[in-house]
Amino acid sequence: MAAYFFASPIDVDIKLEGEDTRKQVEIKSEKEKTVSCPVYYDGDSVGGQVAIRVRDGKKLTHEGIKVEFCGSIELFYDRGHHHEFLSLSQELAAPGEMRQAQTFDFIFKNVEKQFESYQGINVKLRYFIRVSISRRMADVTKEKDLWVHSFRMPPDSNNSIKMEVGIEDCLHIEFEYNKSKCARLFDPSEASTDIDGRYHLKDVIVGKIYFLLVRIKIKHMELSIIRRETTGSPPNQYNESETITKFEIMDGAPVRGETIPIRLFLGGFDLTPTFRDVNKKFSTRYYLNLVLIDEENRRYFKQQEITIFRIPEAKLIHFVLYLYL
């Protein structure tokens, strides 16, 4: 979190205004330690205080002190190069000398934060405050992370609402899933739009599996949610997939005409919103994965992308009340 020159006679502390009253998110630091970060939203001002203390009463000669609000994307295969998409700067002190502790106020008003914070397998999108003290020998810097949540809707992906698994003249299965009607209550203007395949982080996926033709012996069937992270661009493109959850939805041989209901509550899983081509650096997508295993352990599967988004807390409370009352 901080980078110091070993002989530095300076202590730097960054305190964000109102951070103790904000929602906190636990994230892992580079040393596998868990740290708490206050949550901010698009358009929120970011302000606070920087306290600088000179140790042992020594004199500090510097060439200027500044504070920056930064947003950057760090690709783990390219650790030496951070891609900054946001950089705002304020001067705290002109070149001079320090002999005692000083405190500086700063504020970045109504900052646009176009992306949500993200920590994945091969990429990290972070926002942070950085204080830099310029010195002739070596600069002193300290950083403090904050976390950003965004309510921006991901771009359309033209999802269908039916997923079919089939082998000609042997097997034909249809998985139909619909957007929960209670989710439509958040915005009446969405009532006439096609939002199938879009779910918020606490939503419920409701669907049915229809067996239209069964001429092979199915042993069991699984449904899983897969997160696929894509970073970089060809030829330096990396794809990582992880299974968020997997559960068995059928054990035994089905017959033609049989129907299996599905109800999957997303709130119990560690999900993020869908990210598509963020600053042309990475994407994170989610898929429903339907797998059938026959008695010879052959696997038949089909994937369908779903779009996940974040809704404000007030709308989430509305959703939960409607769901359980």
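**Aromatic contacts and charges over rings**

In this predicted model, the charged end of Arg 126 lies over the ring of Phe 128, at 4.0 Å from the ring centre. A second such contact involves Arg 228 and Tyr 287. Here the charged end sits over the tyrosine ring, 4.5 Å from its centre.

Aromatic rings also pair with one another. With ring centres required to lie within 6.5 Å, the count is 10 aromatic pairs. Tyr 77 and Tyr 238 make one tilted pair. Their centres are 4.6 Å apart, and the angle between the planes is 35°. This pair joins distant parts of the chain, with 161 residues separating the two partners. Tyr 77 belongs to the loop between β7 (65–75) and β8 (82–93). Tyr 238 belongs to strand β19 (residues 236–251). Tyr 77 is partly exposed, because its relative accessibility of 34% falls between the limits of 20% and 50%. Tyr 238 is likewise partly exposed, at 38% relative accessible area.

Phe 275 and Phe 282 form an edge-to-face pair. The ring centres are 6.1 Å apart. The planes meet at 70°, and angles over 60 degrees count as edge-to-face, so the pair receives that label. Both Phe 275 and Phe 282 are buried, whereas Tyr 77 is partly exposed and Tyr 238 is partly exposed.

Aromatic residues also group into a cluster. One cluster consists of Phe 69, Phe 85, Phe 106, Phe 108, Phe 115 and Tyr 127.

Note on methods
Residues numbered from 1 in each chain as written. Predicted model: local features only at pLDDT ≥ 70, side-chain atom pairs only at ≥ 80, totals over all residues. Heavy atoms only, no water. Phe/Tyr/Trp six-rings, centres within 6.5 Å; stacked < 30°, edge-to-face > 60°. Helix = DSSP H or I, 4+ residues; strand = E, 2+ residues; numbered from the N terminus. Buried < 20%, exposed > 50% of the residue type's maximum accessible area, 1.4 Å probe, protein only. Lys NZ or Arg CZ within 6 Å of the ring centre and 35° of its normal.
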